[in-house]
Amino acid sequence: MAFSEIELKRIETVVGPFCVRRSPAHARHQVRTEYRVKGQDVLIIEVRTVWDDPSRWMDHGVAKLRFNRKAGYWRLFWQ
């Protein structure tokens, strides 16, 4: 089951600022931390330019938060 609108807003207010804090302002044109919601998972990723072609971007998974709705808790997975 996907997240409700209220849950998505809560994720945005918690994980969004976390990603901004981890993305230094002086380097955001080269590297930044973002999040994506996929089903019951919140994926935290590092997005950076490709070393030999700065016009292209690639992303690397950093962590995954998975919500267990039945038990009512989050699990953290990391690389």
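**Stop 1: W74 and its contacts**

Select W74 and show its side chain. Leaving aside residues up to four places away in sequence, W74 touches F3, I11, V42, L65, R66 and F67. Keep in mind that this is a predicted model. Display those six residues as sticks around W74.

Now colour residues 73–78. That stretch is strand β4, and W74 is found in it. Is W74 buried, partly exposed or exposed? Turn on the surface to look. W74 is partly exposed, at a relative accessible area of 41%. Buried would require under 20%, and exposed over 50%, so 41% falls between the two.

Add Q40 and draw a C-alpha to C-alpha distance to W74. The two residues are 34 apart in sequence. In space, the distance is 10.0 Å.

**Stop 2: strand β2**

Select residues 41–50, which make up strand β2. How many of its ten residues are buried? Seven are, so β2 is largely enclosed by the rest of the structure.

**Stop 3: from β1 into β2**

Add residues 31–38, strand β1. β1 and β2 run antiparallel, joined by eight bridges. Pick T33: E46 in β2 stands opposite. Then go to K38, whose bridge partner in β2 is D41.

Move to the turn of this hairpin. Two residues lie between β1 and β2. Click on G39 there and check its backbone: phi is positive, near 65°.

**Stop 4: from β2 into β3**

Extend the selection to residues 53–68, strand β3. Ten bridges link β2 to β3, and the two run antiparallel. A hairpin of two residues makes the connection from β2 to β3. For a landmark, select I45 and find G61 opposite, in β3.

**Stop 5: the whole sheet**

Show all four strands as a cartoon. Which order do they take? The order is β1-β2-β3-β4, in an open sheet with antiparallel pairing. The edges belong to β1 and β4. Each of these has a single partner strand, so one side of each lacks a neighbour in the sheet. Tilt the view to see the twist: neighbouring strands are turned by 30° against each other on average, direction ignored.

**Stop 6: helix α1 on the sheet**

Finish with residues 5–21, helix α1. This helix packs on the sheet. Which strands does α1 touch? The contacts take in β1, β2, β3 and β4. Line the helix up with β1: their directions make about 165°. Go back to W74 with α1 still displayed. I11, one of the residues W74 touches, falls within the 5–21 range of the helix.

Technical notes
Residues are numbered from 1 along each chain as its sequence is written. This is a predicted model: local features need pLDDT of at least 70, side-chain atom pairs count only at pLDDT 80 or more; totals for chains, interfaces and linings use all residues. Side-chain values use heavy atoms; hydrogens and water are left out. Buried means under 20% relative accessible area, exposed over 50%, partly exposed in between (1.4 Å probe, protein chains only). Contact means heavy atoms within 4.5 Å. Two strands pair if DSSP finds at least two bridges between them. Axes are lines fitted to C-alpha atoms, for helices over the stretch in contact, and angles run from 0 to 180 degrees between N-to-C directions.
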